[in-house]
Amino acid sequence: MGKRRLEDAIKQVDYPIEVTYRCFELDPASGTDIKENIYESLAKKFGMSIAQAKANTQHMVQMAKEAGLNYQMDTLILTNTFDAHRLTMFAKKHGLMKEMAERILRAHFIESKHIGHHETLAELAAEVGLNKEAVEKMLASDEMADEVRADERTAQQYRITGVPFFLINKKYALTGAQPTEVFVQALRKVISEEIVVLNNDDGMSCDENGCEIPKK
(Lines give C-alpha, C1' and ligand atoms only; values in the text may rest on other atoms or scores of the structure.)
Protein backbone atom coordinates (compact mmCIF):
# COMPACT_ATOMS: atom_id res chain seq x y z
CA MET A 1 0.00 0.00 0.00
CA GLY A 2 2.96 2.32 0.64
CA LYS A 3 4.09 1.81 -2.94
CA ARG A 4 0.62 2.69 -4.23
CA ARG A 5 0.68 5.97 -2.28
CA LEU A 6 4.17 6.74 -3.55
CA GLU A 7 2.93 6.24 -7.12
CA ASP A 8 0.03 8.63 -6.46
CA ALA A 9 2.47 11.19 -5.06
CA ILE A 10 4.72 10.93 -8.14
CA LYS A 11 1.72 11.73 -10.35
CA GLN A 12 0.95 14.80 -8.25
CA VAL A 13 4.43 16.31 -8.37
CA ASP A 14 4.54 15.81 -12.16
CA TYR A 15 8.31 15.36 -12.30
CA PRO A 16 10.35 12.50 -13.83
CA ILE A 17 11.18 10.18 -10.93
CA GLU A 18 12.70 6.71 -11.12
CA VAL A 19 11.63 4.11 -8.56
CA THR A 20 14.04 1.25 -7.80
CA TYR A 21 13.04 -1.85 -5.85
CA ARG A 22 15.47 -3.36 -3.34
CA CYS A 23 15.63 -6.73 -1.59
CA PHE A 24 14.95 -7.02 2.15
CA GLU A 25 14.05 -10.03 4.31
CA LEU A 26 12.15 -9.54 7.55
CA ASP A 27 13.22 -12.97 8.79
CA PRO A 28 16.16 -14.45 6.84
CA ALA A 29 16.28 -17.45 9.20
CA SER A 30 12.71 -18.57 8.57
CA GLY A 31 11.97 -21.84 6.82
CA THR A 32 10.07 -22.37 3.59
CA ASP A 33 7.09 -24.16 5.11
CA ILE A 34 5.92 -22.40 8.26
CA LYS A 35 3.08 -23.90 10.29
CA GLU A 36 2.22 -20.70 12.15
CA ASN A 37 -0.29 -18.24 10.72
CA ILE A 38 0.39 -14.51 10.60
CA TYR A 39 -1.41 -13.83 13.90
CA GLU A 40 0.53 -16.49 15.81
CA SER A 41 3.79 -15.26 14.35
CA LEU A 42 3.12 -11.62 15.27
CA ALA A 43 1.96 -12.57 18.78
CA LYS A 44 5.18 -14.51 19.38
CA LYS A 45 7.46 -11.87 17.85
CA PHE A 46 6.01 -8.86 19.69
CA GLY A 47 4.80 -10.54 22.87
CA MET A 48 1.12 -9.81 22.36
CA SER A 49 -2.07 -11.84 22.39
CA ILE A 50 -3.62 -13.36 19.28
CA ALA A 51 -6.50 -10.90 19.65
CA GLN A 52 -4.08 -7.97 19.69
CA ALA A 53 -2.26 -9.34 16.67
CA LYS A 54 -5.52 -9.62 14.76
CA ALA A 55 -6.53 -6.09 15.73
CA ASN A 56 -3.21 -4.68 14.55
CA THR A 57 -3.42 -6.64 11.32
CA GLN A 58 -6.97 -5.48 10.64
CA HIS A 59 -5.75 -1.90 10.84
CA MET A 60 -3.27 -2.70 8.06
CA VAL A 61 -6.02 -4.45 6.06
CA GLN A 62 -8.17 -1.33 6.31
CA MET A 63 -5.34 0.91 5.10
CA ALA A 64 -4.77 -1.46 2.20
CA LYS A 65 -8.46 -1.35 1.33
CA GLU A 66 -8.34 2.44 1.23
CA ALA A 67 -5.53 2.07 -1.32
CA GLY A 68 -7.65 -0.31 -3.40
CA LEU A 69 -6.01 -3.53 -2.19
CA ASN A 70 -7.93 -6.48 -0.73
CA TYR A 71 -5.46 -8.14 1.66
CA GLN A 72 -6.37 -11.68 2.79
CA MET A 73 -4.51 -12.03 6.07
CA ASP A 74 -6.52 -15.00 7.36
CA THR A 75 -5.18 -17.21 4.57
CA LEU A 76 -1.78 -15.57 4.02
CA ILE A 77 1.04 -18.15 3.84
CA LEU A 78 4.22 -17.30 5.73
CA THR A 79 7.46 -18.45 4.12
CA ASN A 80 11.10 -17.61 3.46
CA THR A 81 11.27 -14.96 0.73
CA PHE A 82 14.89 -15.29 -0.39
CA ASP A 83 14.05 -17.14 -3.61
CA ALA A 84 11.29 -14.66 -4.37
CA HIS A 85 13.88 -11.90 -4.09
CA ARG A 86 16.24 -13.83 -6.36
CA LEU A 87 13.44 -13.98 -8.90
CA THR A 88 12.91 -10.21 -8.79
CA MET A 89 16.61 -9.67 -9.42
CA PHE A 90 16.48 -12.14 -12.30
CA ALA A 91 13.50 -10.21 -13.67
CA LYS A 92 15.50 -6.99 -13.36
CA LYS A 93 17.99 -8.35 -15.89
CA HIS A 94 15.11 -8.66 -18.33
CA GLY A 95 13.55 -5.28 -17.61
CA LEU A 96 10.60 -6.75 -15.68
CA MET A 97 11.51 -6.15 -12.05
CA LYS A 98 8.54 -3.89 -11.30
CA GLU A 99 6.09 -6.29 -12.90
CA MET A 100 7.61 -9.28 -11.12
CA ALA A 101 7.69 -7.61 -7.71
CA GLU A 102 4.08 -6.48 -8.00
CA ARG A 103 2.96 -9.93 -9.15
CA ILE A 104 4.66 -11.61 -6.19
CA LEU A 105 3.17 -9.15 -3.72
CA ARG A 106 -0.32 -9.66 -5.13
CA ALA A 107 0.12 -13.42 -5.02
CA HIS A 108 1.25 -13.26 -1.39
CA PHE A 109 -1.09 -10.73 0.18
CA ILE A 110 -4.22 -11.06 -1.96
CA GLU A 111 -4.22 -14.53 -3.54
CA SER A 112 -2.70 -16.50 -0.63
CA LYS A 113 -0.18 -18.27 -2.88
CA HIS A 114 2.91 -19.97 -1.46
CA ILE A 115 5.68 -17.73 -2.79
CA GLY A 116 8.35 -19.88 -1.16
CA HIS A 117 7.74 -22.75 -3.59
CA HIS A 118 9.68 -22.76 -6.84
CA GLU A 119 6.71 -24.04 -8.82
CA THR A 120 4.62 -21.06 -7.75
CA LEU A 121 7.38 -18.58 -8.51
CA ALA A 122 7.98 -20.06 -11.96
CA GLU A 123 4.28 -19.79 -12.78
CA LEU A 124 4.16 -16.18 -11.64
CA ALA A 125 7.27 -15.41 -13.67
CA ALA A 126 5.68 -16.82 -16.80
CA GLU A 127 2.64 -14.59 -16.24
CA VAL A 128 4.75 -11.43 -16.46
CA GLY A 129 6.60 -12.59 -19.56
CA LEU A 130 9.69 -14.41 -18.30
CA ASN A 131 10.75 -17.77 -19.69
CA LYS A 132 9.46 -20.39 -17.26
CA GLU A 133 12.20 -22.93 -17.97
CA ALA A 134 14.92 -20.31 -17.52
CA VAL A 135 13.37 -19.28 -14.20
CA GLU A 136 13.19 -22.89 -13.00
CA LYS A 137 16.86 -23.35 -13.87
CA MET A 138 17.79 -20.15 -12.04
CA LEU A 139 15.83 -21.09 -8.91
CA ALA A 140 17.47 -24.53 -8.83
CA SER A 141 20.88 -22.85 -8.67
CA ASP A 142 22.46 -20.11 -6.54
CA GLU A 143 22.09 -17.54 -9.30
CA MET A 144 21.19 -13.99 -8.19
CA ALA A 145 21.98 -14.80 -4.55
CA ASP A 146 24.92 -12.38 -4.48
CA GLU A 147 22.72 -9.60 -5.87
CA VAL A 148 20.15 -10.13 -3.13
CA ARG A 149 22.81 -10.17 -0.43
CA ALA A 150 24.31 -6.97 -1.80
CA ASP A 151 20.97 -5.19 -1.41
CA GLU A 152 20.63 -6.54 2.11
CA ARG A 153 24.09 -5.27 3.03
CA THR A 154 23.11 -1.85 1.74
CA ALA A 155 20.01 -1.96 3.95
CA GLN A 156 22.24 -2.72 6.94
CA GLN A 157 24.43 0.27 6.10
CA TYR A 158 21.36 2.50 6.20
CA ARG A 159 20.23 0.75 9.41
CA ILE A 160 16.97 -0.36 7.85
CA THR A 161 15.17 -2.80 10.14
CA GLY A 162 11.69 -2.97 8.63
CA VAL A 163 9.52 -2.38 5.60
CA PRO A 164 8.06 -0.48 3.90
CA PHE A 165 11.06 1.82 3.80
CA PHE A 166 11.55 4.52 1.18
CA LEU A 167 14.91 6.18 0.61
CA ILE A 168 14.66 9.27 -1.57
CA ASN A 169 17.77 10.46 -3.36
CA LYS A 170 19.90 8.72 -0.69
CA LYS A 171 19.08 11.61 1.66
CA TYR A 172 15.54 11.36 2.99
CA ALA A 173 13.88 8.30 4.48
CA LEU A 174 10.21 7.51 5.01
CA THR A 175 9.12 4.46 6.96
CA GLY A 176 5.76 2.73 7.14
CA ALA A 177 2.61 3.30 5.09
CA GLN A 178 2.72 7.09 5.06
CA PRO A 179 -0.16 9.21 3.68
CA THR A 180 0.19 10.34 0.08
CA GLU A 181 0.61 13.94 1.25
CA VAL A 182 3.79 13.01 3.15
CA PHE A 183 5.30 11.51 0.00
CA VAL A 184 4.33 14.60 -2.00
CA GLN A 185 6.02 16.91 0.52
CA ALA A 186 9.19 14.80 0.58
CA LEU A 187 9.40 14.58 -3.21
CA ARG A 188 8.85 18.31 -3.66
CA LYS A 189 11.62 19.04 -1.16
CA VAL A 190 14.05 16.79 -3.02
CA ILE A 191 13.04 18.24 -6.39
CA SER A 192 13.55 21.81 -5.15
CA GLU A 193 17.05 20.91 -3.99
CA GLU A 194 17.92 19.32 -7.33
CA ILE A 195 16.93 22.31 -9.46
CA VAL A 196 19.99 24.17 -10.69
CA VAL A 197 19.76 27.53 -12.36
CA LEU A 198 22.25 27.79 -15.20
CA ASN A 199 23.37 30.94 -16.99
CA ASN A 200 25.40 31.12 -20.18
CA ASP A 201 26.91 33.95 -22.18
CA ASP A 202 23.57 34.68 -23.88
CA GLY A 203 21.83 35.18 -20.59
CA MET A 204 19.79 31.97 -20.94
CA SER A 205 18.32 30.74 -17.66
CA CYS A 206 17.02 27.25 -17.00
CA ASP A 207 14.88 25.86 -14.20
CA GLU A 208 12.27 23.14 -13.70
CA ASN A 209 9.94 24.87 -16.19
CA GLY A 210 12.46 24.85 -19.02
CA CYS A 211 14.85 27.41 -20.55
CA GLU A 212 14.28 30.98 -21.65
CA ILE A 213 16.42 33.44 -23.61
CA PRO A 214 15.66 37.03 -22.55
CA LYS A 215 14.71 39.49 -25.24
CA LYS A 216 17.37 41.99 -26.24
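1. Helices here are DSSP runs of H or I with at least four residues, and strands are E runs of at least two, numbered from the N terminus. With that in hand, this predicted model comes to 9 helices and 5 strands. Read from the N terminus, the order is α-α-α-α-α-α-α-α-β-β-α-β-β-β. As for burial, 36% of the 216 residues count as buried.

2. On to the salt bridges, where the count is 9. One of them joins the side chains of Asp151 and Arg22, at 3.4 Å from N to O. This pair links distant parts of the chain: Asp151 belongs to helix H8 (residues 145–157), while Arg22 sits in the loop between helix H1 (2–13) and helix H2 (38–46), 129 residues away. The two partners are worth a look for their accessibility. Asp151 has a relative accessible area of 9%, so Asp151 is buried, whereas Arg22 reaches 57% and therefore counts as exposed.

3. A second bridge pairs Arg149 with Glu25, and here the closest N and O atoms are 3.1 Å apart. Because Arg149 lies in helix H8 and Glu25 in the loop between H1 and H2, the pair ties together parts that are 124 residues apart in sequence. Here the acid is the buried partner, with Glu25 at 6% relative accessibility; Arg149, at 36%, counts as partly exposed. If you have the viewer open, the H1–H2 loop and H8 are the places to check for both pairs.

4. Next, a small network. Arg103, Arg106, Glu111 and Glu127 are linked by salt bridges. Among the contacts to inspect is Arg106 with Glu111, whose closest N and O atoms are 3.6 Å apart. Are these two buried or partly exposed? Arg106 has 37% relative accessibility, so Arg106 counts as partly exposed. Glu111 is partly exposed as well, with a relative accessible area of 32%.

5. Then there is the negative patch on the surface, where Glu119, Glu123, Glu133 and Glu136 gather. Which helices supply it? Helix H6 (118–127) and helix H7 (132–139) each contribute at least two residues. Take Glu133 as the example: its place is in helix H7, and with 52% relative accessibility it counts as exposed, because the cut-off for exposed is over 50%.

6. The surface also has a nonpolar patch, of about 210 Å², made by Tyr15, Ile17 and Val19. Val19 is found in the loop between H1 and H2, the loop that also holds Arg22 and Glu25. Since its relative accessible area is 42%, Val19 is partly exposed.

7. Last, the strands. S1 (residues 165–168) and S2 (residues 172–175) run antiparallel and are joined by 4 bridges. For a register check, look at Phe165, which stands opposite Thr175 in S2. The two strands form a hairpin with 3 residues between them. What is the phi of Asn169 in the turn? It is positive, at about 55°.

8. To pull the note together: H8 is linked by salt bridges to the loop between H1 and H2, through Asp151 with Arg22 and through Arg149 with Glu25. Elsewhere, H6 and H7 supply the negative patch, and S1 and S2 make the hairpin.

Technical notes
Residues numbered from 1 in each chain as written. Predicted model: local features only at pLDDT ≥ 70, side-chain atom pairs only at ≥ 80, totals over all residues. Heavy atoms only, no water. Patch = residues over 30% accessible without salt bridge, like charges linked within 9 Å, V, L, I, M, F, W, Y side chains within 5 Å. Areas by Shrake-Rupley, 256 points an atom, 1.4 Å probe, with all protein chains shown as cover. Salt bridge = Lys/Arg side-chain N within 4 Å of Asp/Glu carboxyl O. Lys, Arg positive; Asp, Glu negative; His and termini not counted. Charge placed at Lys NZ, Arg CZ, Asp CG, Glu CD. Buried < 20%, exposed > 50% of the residue type's maximum accessible area, 1.4 Å probe, protein only. Pairing = 2+ DSSP bridges.
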